[in-house]
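Subject: Structure handover

Hello,

Here is the structure I promised you. Please open it and keep it in view while you read my notes below.

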Amino acid sequence: MSRMAEMWTGVGPLGSSIASIMFIYTLIERYFPNRLRSYILNYVNRILAFTTNIRITVHEYTGDHLQRNVAYSAIEAYLSSKSTKDFKRLTAQLGRNSKKLVLTMDADESMIDEFRGAKLCWVATKTLRENKSSYSSSADVKRALTLVFHQRYRDMVTEVYLNHVMEKGMAILTRNRQRKLYTNCRYGYWSHVVLDHPATFDNIAMDPSKKKEIIEDLVAFGKGKQYYAKVGKAWKRGYLLYGPPGTGKSTMIAAIANFMNYDIYDLELTAVQGNSELRKLLLETSNKSVIVIEDIDCSLGLTRKRDIPKDKEEKDSKKGDKQPTTDQNVDNRVTLSGLLNFIDGLWSTCGRERLIVFTTNYKEKLDPALIRRGRMDKHIELSYCCFEGFKILAKNYLNLDSHHLFETLCPLFNETQITPADVAEMLMPKANDEDDAEICLKDLIRALEKRKADARLKAEEDAREKSLTKEGEAKQNESSSNGANEEDKSN
């Protein structure tokens with residue numbers, strides 16, 4: 001503050017007056033009680049706002065007062081992140097697509113923001129529109145945020161500070177906004193609902209080391225803007241989630257979206273009319289989003305198309321098994337080539353900070369070109385429930401950190417295959433009494449022991465069938481050999 005006072009003394013009588021104001025400002029800030037200080041500083045800030053040389057005003061609406069200014073929203077979010085305890089008048093609102101109540105300074109309030117040693121003053125204003133039309137409503141009130149500062153900070157403010165404010169403000173808006181779940185319709189556009197899925201990495205049941213690995217990969221991706229630009233790649237990453245049904249693939253997608261604060265675009269390929277519509281849908285997805293194709297092995301028969309021999313295709317065609325191809329049929333379907341271009345081709349660069357996620361129960365059915373590194377960069381196997389995953393579920397459903405039955409359950413999870421979905425269902429409290437936890441754990445023990453016994457019986461049955469098959473083959477070979485010997489003798 002003393003350096004600013006020295007700066008103002010060198011610009012004549014007006015500068016000396018401002019230097020005096022700055023000196024008084026310092027005294028007030030240091031020695032006056034909080035309530036009295038906030039009251040006086042508010043008026044000092046307003047005086048400073050009218051004596052500085054440069055003003056930048058950001059209006060709430062742009063154009064014909066119809067569209068809210070994104071810059072205004074970002075600056076408002078940035079200012080709301082600052083301390084508001086000294087303000088007497090605050091505005092509380094739930095912003096568009098927001099899930100959090102935001103407190104901002106009301107009209108005629110002001111605040112000082114410090115940046116690189118400079119004190120910059122923001123002033124909130126509110127006026128009424130002069131020309132009201134019959135179509136105007138609550139938008140007759142014009143709000144604006146004005147930044148006032150000395151001209152010596154012009155370059156720093158315009159080239160650095162405002163970019164800093166926008167970046168921080170947009171990050172806050174992204175963090176507080178309501179996430180959405182989109183799905184595509186047969187008419188080639190997205191519709192959405194609010195995404196309110198409670199899944200997080202804290203309550204998802206899986207091996208802790210694998211969970212940590214996924215989180216670290218997501219954090220690195222979120223901070224990778226400069227890195228992806230440096231290596232010349234689009235800022236996107238592909239995840240292949242595979243494993244048996246009920247192992248938590250959809251839950252993992254929701255946990256990823258909640259962790260990254262991304263929207264989810266659930267792409268239904270059977271509703272897409274062709275490759276051109278697929279590209280159109282891609283262009284309409286937002287940045288910071290997760291594009292999901294679930295059960296990719298069941299989508300449009302795209303799996304392992306390159307493994308079909310040409311002679312088999314010709315043979316099937318001659319038999320009439322292959323339907324005649326018309327121009328309309330060719331145009332109105334998504335091809336493997338179109339899907340690959342959607343994931344990793346030129347069109348995939350139209351956007352940034354996107355995750356593309358495929359799920360499948362049968363990884364081996366997918367075309368290798370579809371899941372190679374660079375398209376599906378990380379393959380994540382979601383397998384059967386382990387003991388560590390069970391402990392997370394026990395904490396979620398029964399609020400148990402430990403129990404004497406855990407010692408019985410631990411070896412059973414190592415010897416038995418059971419999905420997290422089945423475990424969660426068994427741990428669901430039935431009667432809400434004190435013995436509910438023990439009842440649920442005993443039911444789970446019985447279910448695991450039964451699965452273990454069934455698996456042992458199946459293994460024994462498979463072994464018997466395999467032995468019988470080998471005996472049958474041996475007898476058949478022996479019979480063939482004896483027949484051949486008798487034929488040789490007769491000859």
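Start with Phe-221, Tyr-227, Tyr-228 and Trp-235: these residues make up one aromatic cluster. Keep in mind that the model is predicted. Over the whole structure, the search turned up 12 aromatic pairs.

Look next at Phe-387 and Phe-413. Their ring centres are 6.5 Å apart. Why is the pair called tilted? The planes stand at 55 degrees, so the pair falls between stacked, under 30 degrees, and edge-to-face, over 60. Phe-387 belongs to helix α14 (residues 387-398), and Phe-413 belongs to helix α15 (residues 406-415). The pair therefore ties together parts that are 26 residues apart in sequence. Are these two residues buried or exposed? Both Phe-387 and Phe-413 are buried.

Stay with α14. Its axis comes within 10 Å of the axis of helix α16 (residues 420-427). The two axes cross at roughly 35 degrees, and the crossing of α14 and α16 is right-handed. Which residues meet there? From α14 come Phe-390, Leu-393, Ala-394, Tyr-397 and Leu-398. From α16 come Pro-420, Val-423, Ala-424 and Leu-427. By class, this contact of α14 with α16 has nine nonpolar residues, with no polar and no charged ones.

Last, find two side chains placed over rings. Lys-365 lies over the face of Tyr-362, at 4.5 Å from the ring centre. Arg-237 lies over the face of Tyr-239, and here the distance to the ring centre is 6.0 Å.

Best wishes

Definitions and conventions: Residues are numbered from 1 along each chain as its sequence is written. This is a predicted model: local features need pLDDT of at least 70, side-chain atom pairs count only at pLDDT 80 or more; totals for chains, interfaces and linings use all residues. Side-chain values use heavy atoms; hydrogens and water are left out. Rings of Phe, Tyr and Trp (its six-membered ring) pair if their centres lie within 6.5 Å; planes under 30 degrees apart count as stacked, over 60 as edge-to-face and the rest as tilted. Helices (H or I, at least four residues) and strands (E, at least two) are DSSP runs, numbered from the N terminus. Buried means under 20% relative accessible area, exposed over 50%, partly exposed in between (1.4 Å probe, protein chains only). A charge sits over a ring if NZ of Lys or CZ of Arg is within 6 Å of the ring centre and within 35 degrees of the ring normal. Axes are lines fitted to C-alpha atoms, for helices over the stretch in contact, and angles run from 0 to 180 degrees between N-to-C directions. A crossing is left-handed if the near helix is turned anticlockwise from the far one by less than a right angle, and right-handed if clockwise. Contact means heavy atoms within 4.5 Å. Ala, Val, Leu, Ile, Met, Phe, Trp, Tyr, Cys and Pro count as nonpolar, Asp, Glu, Lys and Arg as charged, and the others, Gly among them, as polar.
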